[in-house]
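User: Please take a close look at the salt bridges for me, with the charged side chains described one by one. Some context from the rest of the fold would be welcome too.

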Amino acid sequence: MSWFILVVAGLFEIGWAIGLKYTEGFTRLWPTVGTVLSMIISLGLLGVAMKSLPVGTAYAVWVGVGAVGTAVLGIILLDESAHFLRILSLGLIVAGIVGLKLATPA
């Protein structure tokens with residue numbers, strides 16, 4: 001269950017990272033509210049997951065899920081580069097996340 005909670009925390013991290021773009025420097029009310037709520041939920045769930053997962057593993061997976069998801073949504077929503085090396089690098093992050101899962105009991 002901790003791994004599921006950790007992945008959900010990572011999804012909320014994606015939400016606040018993308019949300020930051022839409023707040024326009026925290027000048028737009030509803031995007032700012034959504035972004036702040038996503039931050040709170042993400043950190044709260046990360047804390048819950050860390051009760052039973054090693055801190056280094058949990059943090060690395062949380063950041064990895066957030067980084068990959070944010071980069072993918074940047075490509076889809078914000079017309080960011082989908083260069084081969086960028087996609088390959090994201091794949092390496094995913095491989096690292098999988099490796100951490102396989103190497104961590106719980």
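Analyst: **The salt bridges up close**

Arg86 has a relative accessible area of 27%, so it counts as partly exposed (buried is under 20%, exposed over 50%, partly exposed in between, with a 1.4 Å probe and protein chains only). Bear in mind that this is a predicted model, where local features need pLDDT of at least 70 and side-chain atom pairs pLDDT 80 or more, while totals for chains, interfaces and linings use all residues. Residues are numbered from 1 along each chain as its sequence is written, and side-chain values use heavy atoms, without hydrogens or water.

The partner of Arg86 is Glu80: their closest N and O atoms are 3.1 Å apart, forming a salt bridge (a side-chain nitrogen of Lys or Arg within 4 Å of a carboxyl oxygen of Asp or Glu). Glu80 is itself partly exposed, at 34%.

The structure holds 2 salt bridges, and Arg28 with Glu24 makes one of them, at 3.9 Å between the closest N and O atoms. Here Arg28 is partly exposed at 36%, whereas Glu24, at 52%, counts as exposed.

Now for the nonpolar side. The largest nonpolar core (buried Ala, Val, Leu, Ile, Met, Phe, Trp, Tyr and Cys joined through side-chain atoms within 4.5 Å) has 14 residues, with Leu6, Leu46, Leu53 and Val61 touching the most other members. At least two of its residues come from each of H1 (2-23), H2 (29-49) and H3 (55-78), helices being DSSP runs (H or I) of at least four residues, numbered from the N terminus. H1 gives the most, 6 residues. In H2 you will also find Leu37, which is partly exposed at 48%.
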